[in-house]
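Work through the exercises below with the structure open beside you. Try each task before you read its solution.

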Amino acid sequence: MLRSAPLLLALSIAARLAWTYLLPNGANFVDLHVYLGGAAALNEPGTLYSYVYADQTPDFPLPFTYPPFAAVLFYPLTLLPFPVVALGWTLGIMACLYGVVRLSQRLIGLAGGQRSAMLWTAIGIWTEPLRSTFDYGQINVLMALMVLAAVCSTRNWVSGLLIGVAAGVKLTPAVFILYLIGVRRWAAAIFTVLAFGATIALSIAVVGQQARYYFTDLLGDAGRVGPIGTSFNQSWRGGISRILGYDAGLSAPVLIALAGTAVLAWLAWRSLADAPGEPDRLGLLLVVALFGLLLSPISWTHHWVWLLPLLIWLWQGPYRYLGEARAVGIGWLALIVVGVPWLLSFAQPSIWEIGRPWHLAWAGLVYIVATIATLAWMASLRLRNPGAKRSCRYRAP
């Protein structure tokens, strides 16, 4: 398969383009329409957060829910014809996906590996997080690439700039400041805060009152982002809401689940950080990524692009010799190739109706349960390292 990797990647790309442009419902690019529509709203002051896109989603008008810096950043793309932007966006996602694979391999010390990266990219294109990314024209692969590049860089200002700007475009990457703090890259964490603050300042300078409105009134309004209870939302809040039959918000069950996940993530971090040998940067980063996905009020399936670096870590990383690592990887690969949340979406009453039959509600915990099991397995690795250091120390690169 490695010998055929270039051909397999070319065939995968061609098949994805054919799927997008030759099938009647190959891709609707609804999120890309939102990005550009929101950016175009800057031409009419005061309309950024009243803009909605409903041409292809009449039952779910999509508002611009991103920080105002994203609208400023996307504005130049509004000067191009949408089909040109959509094609460039699709090809750009594929290039970013290859970059995500290569940087993930670099973090585990895999030298060379171009053909291996081609094979991973060819497979990754057809996993559920990437299928929905291509369908909607989402940006999460670029966000993952920026975070991985930040971790690879030894320059604190570069690392902080990359994560801070990524958080300015889409708030979810802000969780990775926990990684910088955990590995004691204090300067990089400070630069992250400064870079994020600069995106806010620039937004206020360009957008004015709309920027203030976002950070004072809209920030934290998960209901504005979309339907909490849909099976595509694989966060703790979404999973518990489906079981209870209403939006659980920050109720006791959600807080307890999040607290338990935080403890489990900390144990997994300790386990990987205390292992002898070179620091496992990708493993530690994945602990934060998995925790962030369950922590966020809404984690659409296209947010789960971090599962491809997880598979690389499991099969090519420091624990590849363990049968459990291969088994966990096979389990995740089966889940995301089949696309269980996508299958469940056909059986849910509607995207807006939270209540559903018990078997559909509990089945909707699939990514959540798999994540908890993965973190628990990571935490157990400490028991396999009799030479592990007692202190949770990390040597910064």
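The model is predicted.

**Exercise 1. Classify how helix 2 and helix 4 are oriented to each other.**

Step 1. Locate the helices. Helix 2 covers residues 30–40, and helix 4 covers residues 82–107.

Step 2. Take the geometry. The two pack at an angle of about 125°, and their axes are 11 Å apart.

Step 3. Apply the cut-offs. Roughly perpendicular ends at 115 degrees, and roughly antiparallel needs over 145. Helix 2 and helix 4 are therefore oblique to each other.

Step 4. Add the hand. The crossing of helix 2 and helix 4 is right-handed.

**Exercise 2. Describe the contact between helix 2 and helix 4 by residue and by class.**

Step 1. List the residues. Helix 2 brings L32, H33, Y35 and L36. Helix 4 brings F82, V85, A86 and W89.

Step 2. Sort them. Seven residues in this contact are nonpolar, one is polar and none is charged.

Step 3. Look for aromatic company. Y35 and W89 belong to one aromatic cluster, which also holds Y49, F64, Y66, F74, Y214 and F215.

**Exercise 3. Name the type of the aromatic pair F176 and W306, and place both residues.**

Step 1. Start with the total. The count comes to 21 aromatic pairs.

Step 2. Read the pair. The ring centres of F176 and W306 are 5.1 Å apart, with the planes at 40°. Planes from 30 to 60 degrees apart count as tilted, so F176 and W306 form a tilted pair.

Step 3. Place the residues. F176 sits in the loop between helix 8 (156–169) and helix 9 (177–182). W306 sits in the loop between helix 15 (281–295) and helix 16 (307–316). The pair links distant parts of the chain, 130 residues apart.

Step 4. Check burial. The cut-off for buried is under 20%. F176 has 5% relative accessibility, so F176 is buried. W306, at 7%, is buried too.

**Exercise 4. Do the same for W313 and W377.**

Step 1. Read the pair. The ring centres of W313 and W377 lie 6.1 Å apart, and the planes stand at 75°. Over 60 degrees counts as edge-to-face, so this pair is edge-to-face.

Step 2. Place the residues. W313 lies in helix 16 and W377 in helix 20 (residues 366–380), so the pair ties together parts 64 residues apart in sequence.

Step 3. Check burial. W313 is buried at 1% relative accessibility. W377 is buried at 9%.

**Exercise 5. Find the buried residues of helix 5 and what covers them.**

Step 1. Scan residues 114–124. S116, A117, L119, W120, T121, A122 and G124 are buried.

Step 2. Look around them. The cover includes helix 1 (5–22), helix 4, helix 6 (128–136) and helix 16.

Note on methods
Residues numbered from 1 in each chain as written. Predicted model: local features only at pLDDT ≥ 70, side-chain atom pairs only at ≥ 80, totals over all residues. Heavy atoms only, no water. Axes fitted to C-alpha atoms, helices over the stretch in contact; angles between N-to-C directions. Helix = DSSP H or I, 4+ residues; strand = E, 2+ residues; numbered from the N terminus. Parallel < 35°, antiparallel > 145°, perpendicular 65-115°, else oblique. Left-handed = near helix turned anticlockwise from the far one by under 90°. Contact = heavy atoms within 4.5 Å. Nonpolar A, V, L, I, M, F, W, Y, C, P; charged D, E, K, R; others polar. Phe/Tyr/Trp six-rings, centres within 6.5 Å; stacked < 30°, edge-to-face > 60°. Buried < 20%, exposed > 50% of the residue type's maximum accessible area, 1.4 Å probe, protein only.
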